[in-house]
Amino acid sequence: MAQRDATHDPARRSWVASANAPGADFPIQNLPLGVFSAGLAGPRCGVAIGDQILDLRAAVEADLVMNPVVKEASLAGLMAQGRAASAALRAEVSALLSEGATPRPDVLVPMSRARMHLPTTVRNFSDFMASYDHCARLGVRRDPKNPLPQAFRQLPVAYHSRASSVRVSGEAVTRPHGQWQRQDGSMAFGPTEAMDYELEMAVWIAGDNAIGEPVPMSRAPDRIFGYGLLNDWSVRDVQRWEMPPLGPFLGKSVSTSVSAWIVTAEALAPFEVAAPVQDPPCLPYLDSAWNRSNGALSVRMTAAILTPRMRAAGEAPFILTDTQFAGMYWTAATMVAHHATNGCNLLAGDLLGSGTVSGPEETARACLAEIGLTGPVTLPNGETRKWIQDGDEIVFRARAEAPGAVPIGFGECRGVLNPAIAWPA
């Protein structure tokens, strides 16, 4: 479990001037990890600091960082070493970049020159459904008297999604073809008419457990490497038709976008808050004193849309969702513990999605399926949207905030929806 230490000191500043700017996503108290390339050099691990990237391969070769595993082109090796290794790296990098240390601009790369990659090859991807408000709002349409799935208050519900279609922020998404049933009962096949976003938190796994070996709540927090943003692109017309009785399939596997930077669990220690009270109380295997007092995270999350017309006019993205991750009914630790209850071997680099991070407020509806329950949304320029249209860009951002702590950001998770390709002859 993460502990507060000198790396969280709100008085600490960096010799990288941009890291000290008010409102910066990546102050020295953050130090998120990612994989980037620049120029002719291939992908390598890096740390975001202000508007720069600390090249970890160069830092190791200059004897500034000791762990050789970060010279690799993926965070997989560091994830496999577990939380102790990421905590040690954080301490080294914080000391290296702190004001008072000898500046080493030779190991920095401007973000403007970098191309970001997936932090690691996603080995498995499981998507949860942990928001009471999301489930209740959409469940009312199915059964007004019993809107929640039967097991929702007893365990964090999830399904296994498609790892191979996870892509990094900035990569475009292509509108898929699919089959669905129209309101008049006739069948349709073609480009989907109901593309949606789902604002979620990504949870990246550290370390391994052997197959057959559960992960108790006492160890679950230490299996969380870090967090990012996740857009679970959803094909609503296809999803509604195919879900009964086996759950999501082609309505979800088209694409999942994740932010390029992983905010480590260590960085988020100052933003831990008490988990929501569960009614009825969960079974003991999903309970711990730490989870009740520290299991949730105070992270404000937003989703915005930028239409082609807005882009041409130079307008800023319009915020559709403004929500809080701390209100999720199930915490990340309970997701990890329940996932491994049956002895499922969670692997380093596995990805968990939190499920749609919707809250009780009208502004906290975290997908268009919820927003559209009261009708299409009208944008400031007069355009309306019930679903995402071709050329629309969806932009997620998030910021962790707490009294006495320097706020830290998650960067962006964005993607443009491209038109469907022509169906092959």
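Reader: Let's start with a hairpin. How many bridges join β1 to strand β2 (residues 41–49)?
Author: Happy to! Strands are DSSP runs of E with at least two residues and helices are runs of H or I with at least four residues, both numbered from the N terminus; two strands pair if DSSP finds at least two bridges between them. β1 and β2 run antiparallel, and the number of bridges joining them is 5.

Reader: What kind of model is this?
Author: Residues are numbered from 1 along each chain as its sequence is written, while side-chain values use heavy atoms and leave out hydrogens and water. Local features need pLDDT of at least 70, side-chain atom pairs count only at pLDDT 80 or more, and totals for chains, interfaces and linings use all residues; the model is predicted.

Reader: Which residue in the turn of the β1 and β2 hairpin has a positive phi?
Author: Ala-38 stands opposite Ala-41 in β2. The hairpin has 2 residues between its strands, and the one with a positive phi of about 60° is Gly-39.

Reader: Which residue in β5 is the bridge partner of Ser-37?
Author: β1 (residues 33–38) has 6 of its 6 residues buried (under 20% relative accessible area with a 1.4 Å probe, protein chains only; exposed is over 50% and partly exposed in between). Ser-37 points one way from β1 with Leu-33 and Val-35, while Gly-34, Phe-36 and Ala-38 point the other way. β1 is also joined to β5 (residues 114–117) by 4 bridges in the antiparallel sense. There, the partner of Ser-37 is Arg-115.

Reader: Which strands stand at the edges of the open sheet of 5 strands?
Author: The order is β9-β26-β25-β20-β21, with mixed pairing. Two strands each have a single partner, so one side of each is left without a neighbour in the sheet: β9 (173–174) and β21 (318–324).

Reader: Why is helix α8 (residues 332–339) largely enclosed by the rest of the structure?
Author: The buried residues of α8 pack against several elements, including β6 (125–129) and α6 (289–294). Among those residues are Met-335 and His-339. α8 is largely enclosed because its buried residues number 7 of the 8.

Reader: How far is Asp-350 from the nearest side chain of opposite charge?
Author: Asp-350 lies in the loop between α8 and β22, and its contacts (heavy atoms within 4.5 Å) beyond four places in sequence include Arg-123 and Trp-204. Its side chain reaches the backbone nitrogen of Leu-347 at 2.9 Å. Lys and Arg count as positive and Asp and Glu as negative, with His and the chain ends not counted; a salt bridge needs a side-chain nitrogen of Lys or Arg within 4 Å of a carboxyl oxygen of Asp or Glu. Asp-350 is buried yet has no salt bridge, and its distance to Arg-123 is 5.1 Å.

Notes. A polar contact is a pair of N or O atoms within 3.5 Å; within protein, one must be able to donate a hydrogen and the other to accept it, and residues adjacent in sequence count only if both atoms are side-chain atoms.
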